[in-house]
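Colleague: Hi! Could you walk me through this model? I'd like to get my bearings before I go back to the bench.

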Amino acid sequence: MSGTYQLRNREELKRRMLEVFKDQISGLSEDYREIFADDMVTAFQNRLIILTKLQSEKLTKKKD
């Protein structure tokens, strides 16, 4: 179920990216718009993972 939930969230983020950047990507084909949205969501998720890890490491060092 967790995988289904994550997929639904990812699809929602992709939909929102397409809406936010609608004017800037209007000249792209549908396939390229989908690639763009997927890349943006992947980058966003990766950035969140890195920042969460860095914050966790920083909090761990403070406790020492």
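Modeller: Happy to! One convention before we talk charges: Lys and Arg count as positive and Asp and Glu as negative, while His and the chain ends are not counted. The place of a charge is taken as NZ of Lys, CZ of Arg, CG of Asp or CD of Glu. This is a predicted model, where local features need pLDDT of at least 70, side-chain atom pairs count only at pLDDT 80 or more, and totals for chains, interfaces and linings use all residues. Residues are numbered from 1 along each chain as its sequence is written, and side-chain values use heavy atoms, with hydrogens and water left out.

Colleague: Thanks! How many positive and negative side chains does the protein chain have, then?

Modeller: There are 13 positive and 11 negative ones, and the centres of the two sets lie 10 Å apart.

Colleague: What about helices and strands in the protein chain?

Modeller: You'll find two helices and zero strands (DSSP runs, with H or I over at least four residues for a helix and E over at least two for a strand, numbered from the N terminus). The radius of gyration is 16 Å, well over the 11 Å from the globule rule for 64 residues, so the chain is more spread out than a compact globule. That radius is taken over C-alpha atoms, and the rule is 2.2 Å times the number of residues to the power 0.38.

Colleague: And how much of the protein chain is buried?

Modeller: Buried residues make up 9% of the 64. Buried means under 20% relative accessible area, exposed over 50%, and partly exposed in between, with a 1.4 Å probe and protein chains only.

Colleague: Switching topic: which rings pair up, and how?

Modeller: The count comes to one aromatic pair. The ring centres of F21 and F36 are 5.3 Å apart and the planes sit at 85°, so the pair is edge-to-face. The pair links distant parts of the chain, with F21 in the loop between α1 (2-20) and α2, and F36 in helix α2, 15 residues apart. For the rule, rings of Phe, Tyr and Trp (its six-membered ring) pair if their centres lie within 6.5 Å; planes under 30 degrees apart are stacked, over 60 edge-to-face, the rest tilted.

Colleague: Is F21 buried or exposed?

Modeller: In between: F21 is partly exposed, at 25% relative accessibility.

Colleague: And R10, where does that sit?

Modeller: R10 is in helix α1 and counts as buried at 18% relative accessibility. Its side chain makes a polar contact with the side chain of D38 at 2.8 Å. Such a contact is a pair of N or O atoms within 3.5 Å; within protein, one must be able to donate a hydrogen and the other to accept it, and residues adjacent in sequence count only if both atoms are side-chain atoms.
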